[in-house]
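Visitor: Please pick one part of this structure and take a close look at it with me. I would like to see how it sits in its surroundings.

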Amino acid sequence: MSTQVQDVYNTCCNVLLEPYLSGVAAGLTLTSNSSVFLDYFASVFQDFLGRTRLVKALFTQPVQAGVVDYAVPNDLIQPEECFLGGTRLEATALDDLDTYDPGWETEQDIPTHWRQDGLPIKTVSLSPIPNYNGTTYSGVPTATQPVGVYNQFNPTDNNLTMLGGQGVASNTWTLGQVIPVLPDSFTLYLAYGILERFFSEDGENKDVARAQYCGQRYLEGINLLRAIAEEILEE
Amino acid sequence: MPTFSLATLRQMALDRVDNNTQFYTYALGANAYFDIDAVINEAIRIANLFTGFIQASVNLPGFTQATTLIYSTPAPIIIPVRVSYNGVFLDRTPVARLAQYNPAWATETTASYGPVQEWVPLGITLFALHPIDSVGGANLNVIGVQEPTPLVNANDVINLPDEFVPLITEYCAHRLPLKEGGSIFAQGAQAFRSWSRKMKTLSRWEGVKMPLLETKIRQIVKVA
């Protein structure tokens with residue numbers, strides 16, 4: 001990964017006929033501090049990561065007796081699978097739990113299921129209620145970052161592992177930043193997502209045809225990466 | 001497989017846009033052809049993502065490690081497609097399926113379960129081996145789609161299959177006029193349609209959906 005945000009900026013400036021010889025420059029569309037571009041970049045990047053999820057991450061956090069709800073870290077987009085000590089937990093929903101296990105809210109045992117519905121954003125819940133403590137890890141939890149380890153199952157710890165698309169914790173960007181997570185070849189589609197927004201603006205840039213083209217090229221990138229995920233990851 | 005230099009690809013792309021060097025070249029630093037070079041490299045990257053024509057076979061640095069479950073896909077591979085263990089091909093198994101039918105998969109080792117049989121992709125940057133190599137020191141080879149080396153200097157070369165050369169030039173023919181807009185951009189729809197259909201045919205990924213765009217461009221330009 002070596003593509004910088006500046007490279008995407010240069011591509012957009014070239015199409016918008018904006019100056020971009022070095023750093024940023026005041027033009028018709030982009031202000032001297034390029035804040036509009038960076039806002040669009042943040043939005044498109046998160047959208048692209050969330051819709052492709054070709055790069056995944058694992059996060060393992062300690063299980064605590066009596067605690068059912070566990071936070072998902074900000075840099076994990078959405079859990080797709082959960083494991084307990086390496087053993088897969090079955091995904092379920094509130095309706096299923098209510099239908100097939102009326103006493104689920106008070107049962108205590110080794111968890112066999114997990115769910116995301118009926119919970120705050122970035123939270124998963126285990127069922128039954130854990131009746132043991134898993135191995136603890138060092139660190140102090142915050143409101144958005146639980147204590148845990150990345151890209152390890154640690155099955156003998158008997159802890160909760162989430163597998164999901166890798167995201168980024170921060171939504172603040174500078175032009176000199178290297179674009180994380182995505183391989184360089186994937187980043188070229190970000191420019192089309194950003195250009196679609198510029199050409200859709202209600203102003204001098206408005207160009208319906210080019211907005212449609214850029215939007216469809218962006219969708220092409222998402223479809224391509226989803227097709228790769230279906231074949232390689234069999235999702 | 002013929003070899004093409006960046007200078008040759010530049011001229012072939014410019015031939016498709018009426019040799020308009022006034023509008024389709026833009027100097028950045030010492031490179032007088034910065035924007036057309038960027039489009040050529042973009043075309044190569046997209047063709048590689050669709051077809052995987054640039055592949056690499058990479059031995060995992062440091063071999064397998066004893067009791068290690070998860071490994072990182074070695075650079076410069078961006079999409080792993082095949083893994084072999086000491087020269088033996090491993091089956092690819094989704095993690096959900098393996099974990100569903102074999103709950104103890106993450107703790108089984110070659111000492112208790114038998115030889116390494118499967119590789120389990122965890123996205124494109126991580127994969128696991130099942131069962132875990134309890135000894136280590138084995139040769140792990142990953143084959144996959146590689147990141148193309150960008151063409152920077154005029155005499156930089158790339159090997160391209162014969163059928164890819166018109167793909168590169170057709171991509172440039174519709175992509176370069178994007179900054180013009182209007183009817184000039186819309187006239188590139190023919191090149192885009194041709195490129196899109198060829199790419200769909202050559203794609204190695206089943207199920208990829210190409211955008212249905214060119215008719216929309218023509219309708220919009222006609223109304224305007």
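**A close look at one arginine**

Guide: Buried residues make up 55% of the 224 residues in chain B, and the model shown here is a predicted one. The part to look at is B:Arg45, but the chain around it comes first.

Chain B contains seven helices and ten strands. Its radius of gyration is 23 Å, whereas a compact globule of 224 residues would have one near 17 Å. The C-alpha trace spans about 70 × 40 × 30 Å along the principal axes of the chain. Of the contacts in chain B with a separation of 6 or more, 70% are between residues 24 or more positions apart. The accessible surface of chain B is about 9800 Å², and carbon and sulfur atoms account for 53% of that. Chain B carries 17 positive and 17 negative charges, and the mean positions of the two sets are 9 Å apart.

Now to the residue itself. B:Arg45 is found in helix α2 of chain B. Is B:Arg45 buried or exposed? Its relative accessible area is 17%, and the cut-off for buried is under 20%, so B:Arg45 counts as buried.

Which residues does B:Arg45 touch, not counting those up to four places away in sequence? In chain A they are A:Thr3, A:Asp184, A:Ser185 and A:Leu188. In chain B they are B:Glu147, B:Pro148 and B:Pro150. The list therefore takes in residues from both chain A and chain B.

One of these neighbours needs a further word. The side chain of B:Arg45 forms a salt bridge with that of B:Glu147, at 3.7 Å from N to O. The two partners belong to distant parts of the chain: B:Arg45 is in helix α2, while B:Glu147 is in the loop between β9 (140-146) and β10 (157-159), 102 residues apart. B:Glu147 has a relative accessibility of 13%, so this residue counts as buried too.

Helix α2 takes part in another salt bridge. B:Arg10 pairs with B:Asp37, and their closest N and O atoms are 2.7 Å apart. B:Arg10 lies in helix α1 (residues 6-15) and B:Asp37 in helix α2 (residues 34-51), so this pair ties together parts of chain B that are 27 residues apart in sequence. Both B:Arg10 and B:Asp37 are buried.

How many salt bridges does the structure hold over all chains? The total is twelve. Chain A has some of them. One joins A:Asp207 to A:Arg210, with 2.8 Å between the closest N and O atoms, and both of these residues are buried. Elsewhere in chain A, a network of salt bridges links A:Arg53, A:Lys56 and A:Glu80.

For contrast, take a residue of chain A that is not buried. A:Glu107 has a relative accessibility of 31%, so A:Glu107 counts as partly exposed. Its place is the loop between α3 (94-100) and β5 (113-115) of chain A. Leaving aside residues up to four places away in sequence, A:Glu107 touches A:Asp101, A:Pro128 and A:Ile129. The C-alpha atoms of A:Glu107 and A:Ser127 are 7.9 Å apart, although 20 residues separate the two along the chain.

To return to the start: B:Arg45 is a buried residue of helix α2 that touches residues of chain A as well as of chain B, and B:Glu147 is its partner in a salt bridge.

Notes
Residues numbered from 1 in each chain as written. Chains lettered and ligands numbered in written order. Predicted model: local features only at pLDDT ≥ 70, side-chain atom pairs only at ≥ 80, totals over all residues. Heavy atoms only, no water. Salt bridge = Lys/Arg side-chain N within 4 Å of Asp/Glu carboxyl O. Buried < 20%, exposed > 50% of the residue type's maximum accessible area, 1.4 Å probe, protein only. Helix = DSSP H or I, 4+ residues; strand = E, 2+ residues; numbered from the N terminus. Rg over C-alpha atoms; globule rule 2.2 N^0.38 Å. Contact = heavy atoms within 4.5 Å. Areas by Shrake-Rupley, 256 points an atom, 1.4 Å probe, with all protein chains shown as cover. Lys, Arg positive; Asp, Glu negative; His and termini not counted. Charge placed at Lys NZ, Arg CZ, Asp CG, Glu CD.
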